[in-house]
Structure formats: C-alpha cells, structure tokens
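Reader: I've got this one open on my screen and I'd like a close look at a single part, not a tour of everything. Could you pick one stretch and walk me through how it sits in its surroundings?

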Amino acid sequence: MDLSDNSSVLVRLFDEDRDFEAVGRLEKSCELGEKRRFSIFSNITDDPLCRIRFHKIRVMLVAELVRSRELVGVVRGCIKCVGTGSETSFASLGWILGLRVSPKHRRKGIGLKLVKSVECWAIKNGAEYICLATEESNIASRNLFVLKCGYVKLNPLIIIVQPTQARVLRWSRGVKIEKLTVDHAISLYKDRLNGKELFPLDIDVILKQELSLGTWVSYFKDEEWCGLGCKEKDDTFTHKAPSSWAILSMWNTSKVYSLQVRGAVLWRIFNGIVRSIGASPCLGIPQEGCGVPSKAFGFTFLYGLYGEGEKTGELMRSLWRFACNLARNVKGCEAVVTELGVYDPLREHFPAATSTSCIADLWFFKKLNDTNGEEDRWSSQQPLPHLFVDPRDF
C-alpha cells in the first residue's frame, strides 16, 4: 500500500477496549524487528499506558491504516511543570514517550505524523517546550527529530544496570545512611534542585506515590546533620547540611512493568557480573549466541541522585551499595537500574566492576512557539546544569 498520501493513515486516541491487544503485538514486533547486537527494553505489553499513567495530563495516540484498519504506530505524551534555571521561573514541558512504528511500514511518514500529532496535543494543553529521548544508535529516529521536526540535541544519558547480589555489599564504616521522611525529602530536593533545569515541580507527587520506596541520604559520622532525624515538618535542616553528602530515591517498577534483555554481547556482560559479584543466576539471560528474547525481570529504579562536597563520590558509592542491598528484599526485583547524564560528575563513582552501561540515550528538545523570545536559551546550554530523571518516564 502506498502511504505517501497522509490521508491513508488516521491518527486517533488510543481505545483500550479496541486497541489493547493490537498495541501489544505492535510493541513486540518493533522490539523483535530491531537489528541490534543487544538490547534492554521495557516490557509494557500488559499495560500500554504504564509510562504515562502517573502523569495528570497525558495522551496515547495510535496510527491506523484507513482501509484495513491495521494499527501501524503508537506514541505517548505527557505534560509536566519544570524549573527553568531560577527559583521563581518554571515552564510547561511536553514529553514524548514510546514512539513506535511497525517495521514493515517505516519510512512512509507515519512516525512524522505521530510526532506532529502529539506536538499539536501538547500545544493545545499549554506546553511551551517539548522533549524526547532516543537511543544513540537509532539513526532513523535522530534524523526524524532533527532534520524533519526541528529538534535540537541536548545532553545524552547513560542507563546503568546491575543484577541484585546474593551477598551483602559493604561500605565505609565512617559513612552514615539515613532514610528521610517524605516531607524532608521534598524540602531537600526543592531547596537544592528547584533552580535547576528540567526539575519536576510536582516532586511531592512522585515521592508520595505508592511505588516510591523512599529517599536516603549519606554523610560522614564525624559530622552532624542537625534536624535530620526530626519527625516534625521542619525545613531548616536543609541549611544545616554537612560538608559532604549525597541523596537518592528508589522506585519499585517491579509492580508496573519489567525489563527484558537479549543478545550474545549482553549475555557475556551480565554473566560476567553474576560471576564476579555472586548475583542471582536466574535473570533469564539467553545463552551465548542466542538472540531471542529472554525472560522478563523486575527492577528497582534509582533517581534523584545528587550530592555536594569534596567527598560526594565515596558517599554516593555507599548509597549505591545500600540500594543494591535493599533491592534484594524487594519482591520480584532482579536488578537495580539508574540513569545518569553522560556529563554528570557522579557517573565516575559507579564502579565499572559492578555495573554496566547498557544504553546511551540522546535527548532532543524543541520550543513549540516563539512568542516570549526565549527560543535558544535552553538548547544553547551543553550540557544542561542538571537533569532530574523522572521515574515515571522510564
């Protein structure tokens, strides 16, 4: 069928009763159709809306062939309010997630039509900017966003995966790790990150969501953090932080969706880690030389990674090991996953012997209108000062 005429394809809202199974088949065909040496991807066939479900303003669109009514594409979108670089400034930001086009219908303008449709939806719902991420190796997507849709490339991200350990990991005896109350976590994030780029202003919604396992800080025992253990809502502790400290939060994605891995290269990486750290051998990794999908596995996602002071690296390493230990007791969890900016100084503190970078993501950004004269303010910063990775988007 010749799809050069866009009237041959209808973009409409996702209908759960009508489209559920068709979207699942489409997602599976896209993953199996990718010609990569290895991959790691979210298994969302049981819940097509999972990547946008926790956003208040969201949409899911499907592309359908007019004649045959075959579903050939899908895209998801949401809108969030984020910081723009100052404590008093914010913007409405659209987010494009999960763009998929059937392998046999690619290069026919369907992806472009889906992107333009979700952009129109975002504008109608008040979004000033829009952004998305794609894998660095996906040349077709990069060309679509940059050459055809006018997006600007921002800083890349690295996804780090580590299987849960069979043994407990130790950290420095001089480091103290404490769990924050939700109110204290909200206060600390807002105090330190509210003036950073792309910081979600609804951080309280994220931290209060039932999938949140909590927020922890680490600092050295020979220093005090006054007010940290107070159960009362008190924001003054944010100004009494020790000279060096680190923070992270954990999200239990095992309850929502799982990851799958495949490919000989990834098999060697994962099993090397399993042998070196005594991790669980039952991740369902395919045998070497086998490219078929493996068994899915659940994971905990670490986000909000941040630190201050000269010894932040040691403190973040301690938090990472603490989080890996905690994940051992999370039902259905077989791995710990986090995402960091390539230029994030924290990245160098994740030991190469116990973690591996599986995917390099590239972020793309676009201003949806030029009415306020700020067209290139964000995109001119390489890299962004700080990118708060929202666990709801993963």
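Author: Quick bit of vocabulary to start: accessible areas here come from the Shrake-Rupley method with a 1.4 Å probe. By that reckoning, the chain exposes about 17,800 Å², and carbon and sulfur atoms supply 49% of that area. Keep in mind that this is a predicted model.

A little backdrop, then. The chain has 394 residues, and 54% of them are buried. It holds 7 helices and 16 strands. Of the contacts with a separation of 6 or more, 80% are between residues 24 or more positions apart.

Now for the part I'd zoom in on: strand β5, which covers residues 90-101. Strand β5 runs parallel to β6, and 4 bridges join the two. If you want a spot to line them up, find G94, which stands opposite I130 in β6. Strand β6 itself spans residues 129-135 and is mostly covered, with 6 of its 7 residues buried. Add helix α2, residues 110-124, and you have a right-handed β-α-β unit made of β5, α2 and β6.

Stay on β5 and move along to G98, which lies in that strand. Is G98 buried or exposed? G98 has a relative accessible area of 10%, so it counts as buried, the cut-off being under 20%. Leaving aside residues up to four places away in sequence, G98 touches R51, V74, V75 and R76. Take V75: G98 and V75 are 23 residues apart in sequence, yet their C-alpha atoms are 5.4 Å apart in space.

Notes
Residues numbered from 1 in each chain as written. Predicted model: local features only at pLDDT ≥ 70, side-chain atom pairs only at ≥ 80, totals over all residues. Heavy atoms only, no water. Buried < 20%, exposed > 50% of the residue type's maximum accessible area, 1.4 Å probe, protein only. Pairing = 2+ DSSP bridges. Right-handed = clockwise from strand over helix to strand, strands pointing away. Contact = heavy atoms within 4.5 Å.
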